Amino acid sequence: VFISRQCWRWCRSSMRRNFLFMPFPRRLVLSPSSHKVSTLSAGFFSARLSSSLANAANHESQIMDKCPSDQQQTDTNRSIVAHPWFLGSQRNLNLIELCCDHTSSHRIGIFPCHRSLLKVETRRTFCARRHDPEPTSRPAVTALSEEELALKEHVSAFAKEVIGPKVREMDDKGVMDPEIIAACFEMGIMGIEAPVEYGGVGLGFTAACVVIEEIAKVDPAVAVMVDIHNTLNITAFNRYATTEQKEKYFPRLCKSALSSFCLSESGSGSDAFALKTKAEWDEASQEWVLNGTKSWISNSKEAEIFIIFANTDFSEAHKGITAFIVDKSNPGIAVGAKEDKLGIRASSTCEVTLENCRVSKDAMLGKRGQGYKMAIELLNEGRIGIGAQMVGLALGAFENTLPYLHERKQFGRSVADFQGMQFQYARALMEIEAAKVLVYNAARLKEAKAPFVMEAAMAKLKATEVAQSTASQCIDWLGGIGFTKGMPAEKYFPCLRVGQS
């Protein structure tokens, strides 16, 4: 972190207010009896010291080249030990490790901090030491583990050999082939994050993104089906289901039963929490009674398990929204006609009607009123999955177009050899890679339980924009034949629109 000269002048003047901003070129000890420390959420650190500590820091004899001994660390009467540069003359602030004991530490940055932020009083002596860079660098976010790489290779082969031959037929008929659904379950890609003890694969969120991307290269419609089942519904059961619900539903979800996420309604699209579906408690039968209509529900035609969002108390507004698990065999649920869509035609999108749909109290997923929080969290993660879909779609269009550019000859040379063309497809691939980095960065953050909402939104936006530009350019590069159904690029172009909605 580098701070301007003007900022340093302010830092020095602030010393009159007993602030001290520390580069820590040497190891030092801070006495817990004479200062306060604040560790801010942004990773900043500052300390307020008394004038006696500041005076003690002026003595060169107190410089120490190594961390103080255990005896020194436990001595509560010891003054600060530091280099005079410690007072702020050095412009280059180094990262440090702030150690509360010998076993735990976290790396933080240093930055000037207002007096009002200094709230946490230290209860022990801290050892602050200069951080020396690690000799090994952090791996790229797109670098895959051995398990993820093996999964990528198997799914890629599966998509090309099993899904590929049926893509055109499914797209023309607008129907998902039941054999493809069964093959996805047999392949094990419908329970990627589900626990192994329930029949799942037990891998992480990034592995799910790898699968979605590889399938989207071949057929975005199948990728949508796999994405919703994994990143929304499997995650919902993982996070909110009781042990009994996991034992009951996970084996089915991982082996044979497709699932559907029922949130949207005709009057609650972007305003998802204006939903009108209601859930009323029947005291006589000890059951919840659901009534309402859900719209634009993906996977609904083939789904066997539905997660339904309904409001248990409209007076509480969104705080009354609750999730329920409904089985397809329930007589109170009905799936309407399939929408005839522009893209991802094989993926079913239907209305789901609930008419006096009775479910037991054990069918509640999570707690009453938790549906709002649940939907927000799941949709935040779902944006990363959509980003993976769009990256796969862009790569699919690109990889299916480039061979033709090398085969087609104009003016005695292949179209791909013209420098003007090379500029275009080099830039297209660069943009795809940039989108991929954003998607996998968001996925890694989510896996690490770090904040990722902003990164997920940026990844989805960038990936959908790249998918649109790439698919459009691929049709341009193909010329007249790109406008016909004889080339795969024609299929990718309408499919990308779903990612932008």
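This is a short tour of salt bridges in a predicted model.

Before you click, note that residues are numbered from 1 along each chain as its sequence is written, and that side-chain values use heavy atoms, with hydrogens and water left out. In this predicted model, local features need pLDDT of at least 70 and side-chain atom pairs count only at pLDDT 80 or more, while totals for chains, interfaces and linings use all residues.

The structure holds 25 salt bridges, each being a side-chain nitrogen of Lys or Arg within 4 Å of a carboxyl oxygen of Asp or Glu.

**Stop one.** Select Glu 179 and Lys 166, whose side chains form a salt bridge at 2.5 Å, N to O. Glu 179 sits in helix H6 (residues 178-187), and Lys 166 in the loop between helix H4 (146-163) and helix H5 (167-173). Helices here are DSSP runs (H or I, at least four residues), numbered from the N terminus. Glu 179 is exposed, with a relative accessible area of 53%; exposed means over 50%, buried under 20%, and partly exposed in between (1.4 Å probe, protein chains only).

**Stop two.** Now pick Lys 436 and Glu 213, a salt bridge at 3.5 Å, N to O. Lys 436 is in helix H11 (residues 419-447) and Glu 213 in helix H7 (residues 205-218), so this pair ties together parts 223 residues apart in sequence. Both Lys 436 and Glu 213 are buried.

**Stop three.** Go to helix H10 (residues 371-407), where Lys 373 and Glu 377 lie 4 residues apart, about one turn of the helix. Their closest N and O atoms are 2.7 Å apart in a salt bridge. Lys 373 is partly exposed at 42% relative accessibility, and Glu 377 is partly exposed at 23%.

**Last selection.** Add Glu 193, Arg 239, Glu 381 and Lys 446 to Lys 373 and Glu 377 to see a network of salt bridges linking these residues.

Notes. Helices (H or I, at least four residues) and strands (E, at least two) are DSSP runs, numbered from the N terminus.
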